[in-house]
Amino acid sequence: MAPTAAAADAGDGEEEQAQALLALLQRVQSEALRALGPHDFDPKLYVDLPLATDATAAAAAAALASLMRLPAPSRGEMDAYISRYFAQAGSDLVAVADPPDFEPEPRGFLPRVESGAARAWALDVHALWRALTRRVSPAVAARPERHTLLPLPGRVVVPGSRFREVYYWDSYWVIRGLLVSKMYETAKDIALNLVYLVEKYGFVLNGARSYYTNRSQPPLLSSMIFDIYMATGDMLSFHAEVHNVRIMDNHGRVHNLSRYQAMWNKPRPESATIDEEFASKLTSTGAKEKFYHQVASTAESGWDFSSRWMRDSTDMTTLTTSYIIPVDLNTFILKMERDIAFFAKLIGDMTISERFSEASKARHNAIESVLWNSDMEQWLDYWLPTDENCQGVYQWKPNSQNRVIFASNFVPLWLNAHHAGLERFVDEAKLVRVMRSLQKSGLLQPAGIATSLSNTGQQWDFPNGWAPLQHMIVEGLLRSDSAEARKLAEDIATRWVRTNYAAYKATGAMHEKYDVEACGKSGGGGEYKPQTGFGWSNGVILSFLEEFGWPQEKEIGCSS
């Protein structure tokens with residue numbers, strides 16, 4: 001059973017105040033649902049509200065208690081209450097209209113983009129960094145008990161729309177785009193903000209809100225630091241924490257791998273009304289707590305939500321994420337271990353370098369022994385038994401590999417693009433076999449790589465495609481000696497660029513996700529409305545245009 005307390009090393013008083021505000025805002029969230037109804041209701045809005053400058057939590061709580069005694073408060077009464085006691089969500093962030101390292105067209109920006117239409121669009125996407133750059137208001141640090149937003153020392157780039165705070169794994173692709181845009185200082189600020197969270201809480205939070213102190217996200221901080229170093233020569237320090245599982249293979253060798261494991265067994269504050277509705281199907285307190293723990297652990301994965309984590313893809317209460325060893329998580333951690341070895345060697349700490357080099361080799365062997373499936377020529381998630389009494393070392397069983405196809409099955413290819421001078425993760429012969437498996441998988445669609453083959457209505461399932469998955473698989477294929485693999489990489493990138501461009505021209509926005517069945521169609525599904533902005537989509541587009549260019553004669557819109 002996961003611990004229920006947040007792992008934040010903040011003072012007890014500060015933590016108590018944060019929890020008190022959250023408790024109040026969750027009651028506001030529930031009462032707003034009662035007043036407004038479920039149509040177009042976004043529970044996250046209410047836990048992002050800061051207290052108004054002339055209001056106190058006690059007065060807001062007392063006024064809310066009066067509302068709760070009404071049979072059904074009206075929309076007007078609810079709106080009046082919120083406007084009296086709270087400031088607007090996002091008002092505790094300050095827009096940075098002119099980041100000092102932003103130029104409308106930086107010197108050396110995308111020199112291989114020759115098409116006028118493609119270049120004009122790329123400059124539009126580049127300009128979105130201005131709209132998404134923020135600073136946390138000084139009021140947050142001065143009066144933290146009035147905000148769920150956490151203070152951060154540097155500039156942030158928010159994903160966009162309802163996501164009004166910095167997020168962990170989004171930031172990797174934001175940084176990749178900022179480096180293309182030559183916005184090196186902003187990129188460093190983002191990474192240093194995450195380092196600040198590590199120093200304060202012991203790990204990088206899912207996002208910079210007090211309600212995210214119970215979980216992290218895919219561990220990509222070292223990748224951010226590595227890419228900033230490669231672009232600028234500057235090094236930053238970092239730390240990361242993992243959740244370990246031991247598996248014995250059929251040769252008697254014990255391997256250490258990692259899983260997601262949030263430190264929470266209550267409704268997620270940002271989606272409490274949704275979680276409580278699902279949990280209402282469960283009869284016991286213990287079953288509800290287990291469900292809440294699995295929901296939070298799934299949110300930690302970044303894939304919230306997908307049939308990948310469910311025993312029954314039609315039933316959210318069957319989430320069992322903490323009993324799954326994910327392919328992509330272990331890929332990220334292996335890369336982190338390689339990155340640490342690289343930086344330690346660079347500064348002359350050979351003891352640390354050798355330690356993490358050996359750790360990365362051990363994880364490489366573990367991934368190949370536990371997750372690789374030679375019949376499918378893919379890496380597969382491994383499902384642990386859900387018997388909580390099972391302790392110690394798990395015995396590997398072939399039927400515990402999840403043979404369902406997901407885009408994450410191909411993410412280890414990405415390690416070939418970032419091996420920091422070490423041996424490639426996938427040799428050339430194996431890469432070609434994996435490429436063939438991808439081509440036959442059904443994931444390749446007219447507008448990019450689908451997340452899965454199952455259309456469940458969840459946003460991390462078919463027909464949605466997501467920028468990070470396109471980018472990692474394309475980079476892995478591209479760093480190959482195989483001309484066919486490099487051609488496939490460019491083909492996937494071309495499909496993705498075209499669908500992003502067509503959607504932008506139709507809507508005037510970059511989107512969080514896209515429907516890969518049709519060029520120019522944004523994605524849908526999930527527990528909230530599709531969002532625009534959008535940090536990682538912008539970053540991947542700029543990275544693809546820098547990598548592949550766009551010739552004058554090449555059509556940028558959807559082709560027949």
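Q: Which residues does F86 touch in this predicted model, leaving aside those up to four places away in sequence?
A: In this predicted model, F86 touches L24, L25, V28, L49, P50, L51, A52, A60 and Y81, not counting residues up to four places away in sequence. Contact here requires heavy atoms within 4.5 Å.

Q: What makes F86 stand out in the largest nonpolar core?
A: This core has 167 residues, and F86 is one of the members that touch the most other members, along with Y81, W121 and L477. Its largest share, ten residues, comes from helix α16 (residues 483–507). Another core, of seven residues, lies apart from it and includes Y260, L329, I333 and F356.

Q: Why is D275 called buried?
A: The term applies under 20% relative accessible area. D275 has a relative accessible area of 1%, and it is therefore buried. D275 lies in helix α10 (residues 272–279). Among residues over four places away in sequence, D275 touches P267, R268, F291, Y292 and V295.

Q: How do you know that the span of helix α8 agrees with what is expected?
A: Helix α8 (residues 184–201) has 18 residues, which at 1.5 Å a residue should span 26 Å. The end C-alpha atoms of α8 are 26 Å apart, so the two values agree.

Q: What covers the buried residues of α8?
A: The cover includes β2 (133–136), β3 (156–157), α7 (168–180) and α9 (221–232). Among the buried residues of α8 are T186, D189, L194 and Y201.

Q: Which residue follows α8, and what is the sign of its phi?
A: G202 follows α8, and its phi is positive, near 95°.

Terms used. Residues are numbered from 1 along each chain as its sequence is written. This is a predicted model: local features need pLDDT of at least 70, side-chain atom pairs count only at pLDDT 80 or more; totals for chains, interfaces and linings use all residues. Side-chain values use heavy atoms; hydrogens and water are left out. Helices (H or I, at least four residues) and strands (E, at least two) are DSSP runs, numbered from the N terminus. Buried means under 20% relative accessible area, exposed over 50%, partly exposed in between (1.4 Å probe, protein chains only). A nonpolar core is a set of buried Ala, Val, Leu, Ile, Met, Phe, Trp, Tyr and Cys residues joined through side-chain atoms within 4.5 Å. The expected span of a helix is 1.5 Å times one less than its number of residues.
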